[in-house]
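Student: I would like to go through this model with you and ask, for each term, what justifies its use.
Tutor: Then let us take the terms in turn and set the values against the cut-offs.

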Amino acid sequence: MKNKLLCIFAVAILIFSLACSENKSQSENKPNVVLILTDDLGYGDISLFGQKNYSTPNIDGLATEGVVCTDFYVPTPYCAPSRATLLTGRFPLRHGLVKNPTPDAGINDIGIQPEEVTLGEVFQQADYQTMCIGKWHLGHKPEFFPVNHGFDEYYGILYSNDMRPVQIVENVDTVEYPVDQNLLTQKYTNKALNFITENSQRPFFLYLSHAMPHKPLAASENFYTPDTPEDLYADVMKELDWSVGEVIKKLEELELTENTILIFMSDNGPWYGGSSGGFKGMKATTWEGGIRVPFIIKYAEAFPESKIIDVPCWSADIFPTLLSLTQTKSDTNIVLDGEDITEILKGNQETHGPVFSLHNSNIMSVRKGNWKLFVNKPRFYRPANLDTWKDKRAPDGETIIAPFEQATPADYPGLKPAEPKNKIQLFNLEDDPTESNDLAEERPEVVKELTEMLNDFKSGL
């Protein structure tokens, strides 16, 4: 009897061990996710989209090996709401963060809500190691910190790099103040490489959220060219491109390339000094220059190389798409505003639901296919008096440490929009990418169709 029990016990242990081994194997085979987000990088800031003053070979190379979306949008032309949508798959009016937390303006009590589920949280639950590096901007009080919203580790500045106090936080502790911003891209990159190395034997989610090229612009001595101060933006972009290249090289070195989903994108359009790629407007406007951003994804397991997709998609799609690609589950009761665009990225599907933009609490536009309808007047360009204009958050050498030569309103990044005559405006972006020919009166049936789509969307919020 004793021998029989021992035999049964041994078989049970064997079965348990095999099950654990199988679960471990399945876990290890899950694709890693590296999401590289730049801050205020314009559509035309990379050579892939027409930049001529400098080149971005590593970013371009990523596009050659992956999929490029030419018509990719963020929901707001400024930071916090856009970032919250990226991490939750939900429109700002649904996740509730419609303005930027801003410590030096006393806006301290807003941030991502505890009931919101982030990519970090779903990947944590799927046994991924998760880390956020860089800008967070989803709240800077302890309850809003990344380590309380799905990230095992955090290192970076909790908000924009021109908002005082500029301080680096590691997990929950301030570890550097003041911050030499010339070293930010370098430090963030090194942290990312260390994280990838340390977790090369298990699935990981890395959210690398660079400070640049948000103002103040700054680059390390390897890229900064003080003898030509007019090309600081180029210096910054070259270092960002270097950073992307270092991440790619590390993945190759550790033989993780084939099993890693790698995304490169921006949170909104450019500030002064950048390039909208010929589109109208800039950051803080809902013209194309403020909300259309570069988007590149590489994942050899699912997507072809050198694929160009012109179907209008948006950052709300990233959450459901990554869950689909990694076969990761989330709460099915959560209402998502994004779609799984896997088949679109493969080139097998050419339809996508309407894409919306927002400014504060006002829905500004809806795009479907080639048509974009403004339902509220977007911001227009008011020429600045350069003799009196002053940036209150410019480098001062003490609390904001960065090169003193920074872009000004003279360096407007896109076509300068005039004040719109009408609240309702309709543009065919295929024929009129600069939004110059309002067709609202000529095509009332399109205005009606897009308005109905907007009303349907609003009724579900």
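Student: How many cavities of 30 Å³ or more does a search of the whole structure find?
Tutor: The search finds 5 cavities of that volume or above, and please keep in mind that this is a predicted model.

Student: What makes such a space a cavity rather than a pocket?
Tutor: A space is called a cavity because a 1.4 Å probe fits there but cannot get out, whereas a pocket is an open set of points. The largest cavity has a volume of about 100 Å³, and the second largest cavity has about 60 Å³.

Student: Which residues lie nearest the centre of the largest cavity?
Tutor: Lys215, Pro216, Trp271, Gln406 and Ala407 lie nearest its centre, out of a lining of 13 residues. By class, that lining has 9 nonpolar, 1 polar and 3 charged residues.

Student: Which residues line the second largest cavity?
Tutor: Its lining consists of Ile248, Leu251, Thr257, Thr260, Leu262 and Lys298. Helix 7 (232–253) and strand 8 (260–266) are the elements that each give two or more residues to this lining. The lining residues divide into 3 nonpolar, 2 polar and 1 charged; Ile and Leu count as nonpolar and Lys as charged, while Thr falls among the others and therefore counts as polar.

Student: Why is His149 called buried?
Tutor: The relative accessible area of His149 is 3%, and the term applies under 20%, so His149 is rightly called buried. His149 is found in the loop between strand 3 (129–134) and strand 4 (153–156). Leaving aside residues up to four places away in sequence, His149 touches Ile112, Gln113, Pro114, Thr118, Glu121, Trp136, Glu143 and Phe144.

Student: In the open sheet with the order 12-13-14-15, what makes a strand an edge strand?
Tutor: The sheet is formed by 4 strands in that order, with antiparallel pairing, and the edge strands are strand 12 (355–359) and strand 15 (425–428), each of which pairs on one side only. Neighbouring strands of this sheet are turned by 20° against each other on average, with direction ignored.

Student: How do you know that strand 14 and strand 15 pair?
Tutor: Pairing requires at least two bridges, and strand 14 (residues 371–374) and strand 15 have 4 bridges in the antiparallel sense, so the term applies. Within this pair, Leu373 has Leu426 in strand 15 as its bridge partner.

Student: Which helix lies across these strands?
Tutor: Helix 11 (residues 444–459) lies across strand 12, strand 13 (362–368), strand 14 and strand 15, and runs at about 125° to strand 13.

Key
Residues are numbered from 1 along each chain as its sequence is written. This is a predicted model: local features need pLDDT of at least 70, side-chain atom pairs count only at pLDDT 80 or more; totals for chains, interfaces and linings use all residues. Side-chain values use heavy atoms; hydrogens and water are left out. On a 1 Å grid over the protein atoms alone, a cavity is a set of points where a 1.4 Å probe fits but cannot get out, and a pocket is an open set with protein on both sides within 12 Å along at least five of seven lines; lining residues have an atom within 4 Å of a point. Grid points are joined across faces, edges and corners, and a volume is the space filled by probe spheres set on the points. Axes are lines fitted to C-alpha atoms, for helices over the stretch in contact, and angles run from 0 to 180 degrees between N-to-C directions. Contact means heavy atoms within 4.5 Å. Buried means under 20% relative accessible area, exposed over 50%, partly exposed in between (1.4 Å probe, protein chains only).
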